[in-house]
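Q: I have a model open on my screen and would like to learn how to read it. Could you walk me through its features one at a time?

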Amino acid sequence: MTIRSLLLGRERGVRATLWAQMTGRFDADAVLASARAAAAPAVELPAAVGESVALLRVDQIPRGGVTEAMLDGEPVAVCKVGDQVYVLDNDCPHSGGPLGDGDLQGHILSCPFHGWTFDVRDGVCTLDATQRVKTWPARVENGVVLVTRPA
Ligand code: FES
């Protein structure tokens, strides 16, 4: 891991985008175009499958096993552990850190800001069980990560 990635996360992640905005090196069109290119699936995703919503292709989840995706216009953290996928709220309850930019070790996801840790299976904070993030049931079908909305 480089110092840059420690400080700014992924090249096109939330922290890198915020840093570019704060330092005035923000080209909204370029950021938007690159984000769209990065998020654009190579295959057509169905908008919805029954009660489920397609988030991204499973092969778009990077090697570390965690990334960000959009669900109904809101960012979520998508984690892959073995063949299982987990979808959690992207906002850390401590101070809003982007969990999808965090570090995944087994089923434990660490917030990139101050290191709070969450079990991706139920969203419970391992440091303080009174804290948790929302989770959604998720599965992989035909290489696509699907999230089930609550009824
Ligand atoms: S914002 Fe997540 S640990 Fe502080």
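Q: How many bridges join strand β3 to β4, and in which sense do the two strands run?
A: When reading a strand pair, look at the direction and then count the bridges. In this predicted model, β3 (residues 74–81) and β4 run antiparallel and are joined by six bridges. As an example of residues facing each other across the pair, Val76 stands opposite Asp89 in β4.

Q: What happens at the turn in the hairpin of β3 and β4?
A: At a hairpin, check how many residues sit between the strands and then look at the backbone angles there. Here two residues lie between β3 and β4, and Gly82 takes a positive phi near 60 degrees.

Q: Where else does a positive phi turn up, in a residue other than glycine?
A: Asp72 is one such residue, with phi near 55 degrees. Asp72 lies in the loop between β2 and β3. Another is Asn142, which is not a glycine either and has a positive phi of about 50 degrees. You will find Asn142 in the loop between β9 and β10 (144–148).

Q: Why does Asp72 count as exposed?
A: The idea is to count C-beta neighbours: a residue with 12 or fewer others within 10 Å is called exposed. Asp72 has 8 other C-beta atoms within 10 Å, so Asp72 is exposed. Asn142 is also exposed, because it has 11 C-beta neighbours inside 10 Å.

Q: Is β4 mostly covered or mostly open?
A: For a whole strand, go through its residues and ask which of them are buried. β4 spans residues 84–89, and five of its six residues are buried, so the strand is mostly covered. For the chain as a whole, buried residues make up 29% of the 151 residues.

Q: What is the strand order in the open sheet that holds β4?
A: To get the order, step from each strand to its partner. The sheet has four strands in the order β2-β3-β4-β8, with antiparallel pairing. Its edge strands are β2 (66–71) and β8 (135–136), each of which pairs on one side only.

Q: Which residues of β4 stand opposite residues of β8?
A: Strand β4 and β8 pair in the antiparallel sense over two bridges. Across this pair, Val87 stands opposite Trp136, and Leu88 stands opposite Thr135. As a rule, side chains in a regular strand alternate between the two faces of the sheet.

Q: What does Arg139 touch, leaving aside residues up to four places away in sequence?
A: For contacts, set the sequence neighbours aside and see what remains. Arg139, which sits in strand β9 (residues 138–141), touches Val85 and Leu146. Arg139 is partly exposed, because it has 14 other C-beta atoms within 10 Å.

Q: How far apart are Arg139 and Ala54 in sequence and in space?
A: It helps to put both distances side by side. Arg139 and Ala54 are 85 residues apart in sequence and 9.8 Å apart in space, C-alpha to C-alpha. Across the chain, 42% of the contacts with a separation of 6 or more are between residues 24 or more positions apart.

Q: What pattern does the chain follow along the sequence?
A: For the overall view, list the elements in order. The chain has three helices and 10 strands, and its pattern reads α-α-α-β-β-β-β-β-β-β-β-β-β.

Terms used. Residues numbered from 1 in each chain as written. Predicted model: local features only at pLDDT ≥ 70, side-chain atom pairs only at ≥ 80, totals over all residues. Buried ≥ 20, exposed ≤ 12 C-beta atoms within 10 Å, placed from the backbone. Contact = placed C-beta atoms within 7 Å. Pairing = 2+ DSSP bridges.
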